[in-house]
Amino acid sequence: MKRCPSCNRSYTDISLNFCLEDGTPLVSDAPPPSDSNATVQYPPARDTAEPPPTEIYRPETPLISKPVPPPPPPPQQQWNPMPTAAPEKKSNAIWWILGGLAAFGVIAIGVVVMIVALASMSSNTNNANVNRNENRNANVVANANSAPNANKTNTPTSFTDDFSAEKWGTGESKFGKIWYTDDEYHMKSRDKTYIVMYAPSGEYNTENATVKITGRSVDGGVPSSGFGLMVHCVQTKAKQLEDYALLIYPGDTPQYEVIMHKDGNQSSLVSKTNSSAIRSGSNPNQLEIRIKGTELAFYVNGQYLTRITDTANYRRGRVGLYTSDINDIAFDDLEIQR
C-alpha cells in the first residue's frame, strides 16, 4: 500500500508513484513481514467490532474528457425532376400467386419453430438430469468430508514424535523462548505469563485418540500456572485459541488442573486438585488424555485423575503444549494412538 504524505490518502495500487489529487510523490506504507513459526502470546480478547477504514478507489490514470465533434451534415441531394408515368395495372392472378407463396412461407416457418422447440425441450431435460446427478454427487462428497471420521483416512492409527527431528516451531520473543536440546522440546515463558505451541501438522490430530507425552521441570521449579498437554487445539480465524489442557504443578504438594480456551479466554474446568500420582521436583511425569467421542479422561503416570465432557464440541484439532512463568520445561516421547 502507498500513501500521500501531503493529503494522507492511501492507494492500494502499488504501480502508482504520484498522488492523483495533488501530484505529491507517494511513499510506501508496507507492514513488517510476519513469521508464521514465531512464538505468540495470546493476550485477553480485544473488541474488534470497529469497522476497517474506508478506502477510496480511484482509477490508475485520470480520465480526460474531450468534446465530441458534431457529425458532418449529410450530403445535399440534387433533385432531378422525373417524368411522371401512369402506373401499370397488374392482373388479379399475380395477387393470388403472391398470397399463396406467403401462406406457404408461414406454414414452413411454423414447422421449423416446432422442431426447434421440441429439440430444445429434449436438451433441457437431459441437462436437468445431469445437474441432478452432479448435485447428488457433490452432496455425497461434502458429507464425506464433514464426517467425524473423515480425517482418519489421512492420519495414521499410531503416531510418535521423540523430538529428535525439529518439526515444531522455535524462537525467542518478548513472550518467551522455545528451542530443541538433546532431543527434547523446551519451553520457557516470561514472568507471570503463559505460552502455548500447537503441533505443526494434521498428523497430530487428537480426535478419538489416546495422547501421551512426558514433561519435566528442568530446574525443579513449579510454574505458577502449571505446564502440560493440550488436545483438540484449533486457532480460529480471529486468531483465538480453542482447546482443552491437562496441567500439573509438581511441587511439594503436587496438583493438577483441567482448563479450556474458548474465544481466546482461559477458564478452569477442574480446579487445582492434590494428587499423589504426580512426581514432584524435576522428576518426569507422563501426561495422558484418553478421548472417546465427547468424553475426555485424564491420567498421570498411568493413574486416573478425572474426566470431562466436550460440551464445546471441539472434537477435531491437534496436540498442543503449555507452560507458564520462567521455569524451563522439557517435553519428550509424544505418542498418539487412534
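This report walks through the aromatic pairs, the charge-over-ring contacts, one loop serine and an open sheet in a predicted model.

**Aromatic pairs**

A ring pair comes down to two numbers, the distance of the centres and the angle of the planes. This structure has 10 aromatic pairs. Take F163 and Y185: their ring centres are 5.7 Å apart and the planes sit at 15°, so this pair is stacked, the cut-off being under 30 degrees. The two residues come from distant parts of the chain, 22 residues apart, with F163 in the loop between β4 (158-161) and β5 (171-173) and Y185 in strand β7 (residues 184-189). F163 counts as buried because its relative accessibility is 1%, and Y185 counts as buried at 0%.

Y244 and Y314 also pair up, but here the geometry is tilted, with 5.2 Å from centre to centre and 50° between the planes. This pair too links distant parts of the chain: Y244 belongs to strand β11 (residues 241-249), while Y314 is in the loop between β16 (303-309) and β17 (318-324), 70 residues away. Both Y244 and Y314 are buried.

Back to F163 and Y185: they belong to one aromatic cluster together with F159, W168, Y180 and Y204.

**Charges over rings**

Two side chains place a charge over a ring, as the table shows.

| Charged residue | Ring | Distance to ring centre |
|---|---|---|
| K177 | W179 | 4.9 Å |
| R290 | Y299 | 3.8 Å |

In the second row, the charged end of R290 is what sits over the Y299 ring.

**A loop serine**

S275 sits in the loop between β13 (265-274) and β14 (285-292). With a relative accessibility of 11%, S275 counts as buried, since the cut-off is under 20%. Its side chain reaches the backbone nitrogen of A277 at 3.2 Å. Setting aside neighbours within four places in sequence, S275 is in contact with P254, Y256 and L305.

**The open sheet**

Strands in a sheet pair through backbone hydrogen bonds, in a parallel or antiparallel way. Here six strands make an open sheet with antiparallel pairing, and the order is β8-β17-β10-β11-β12-β13. The edges are β8 (194-198) and β13; each has a single partner strand, so one side of each has no neighbour in the sheet. From one strand to the next, the twist averages 20°.

At the β8 edge, the antiparallel pairing with β17 runs over five bridges. To pick out a position on β8, V196 has Y322 of β17 as its bridge partner.

Key. Residues numbered from 1 in each chain as written. Predicted model: local features only at pLDDT ≥ 70, side-chain atom pairs only at ≥ 80, totals over all residues. Heavy atoms only, no water. Phe/Tyr/Trp six-rings, centres within 6.5 Å; stacked < 30°, edge-to-face > 60°. Helix = DSSP H or I, 4+ residues; strand = E, 2+ residues; numbered from the N terminus. Buried < 20%, exposed > 50% of the residue type's maximum accessible area, 1.4 Å probe, protein only. Lys NZ or Arg CZ within 6 Å of the ring centre and 35° of its normal. Polar contact = N/O pair within 3.5 Å; in protein donor to acceptor, adjacent residues only side chain to side chain. Contact = heavy atoms within 4.5 Å. Pairing = 2+ DSSP bridges. Axes fitted to C-alpha atoms, helices over the stretch in contact; angles between N-to-C directions.
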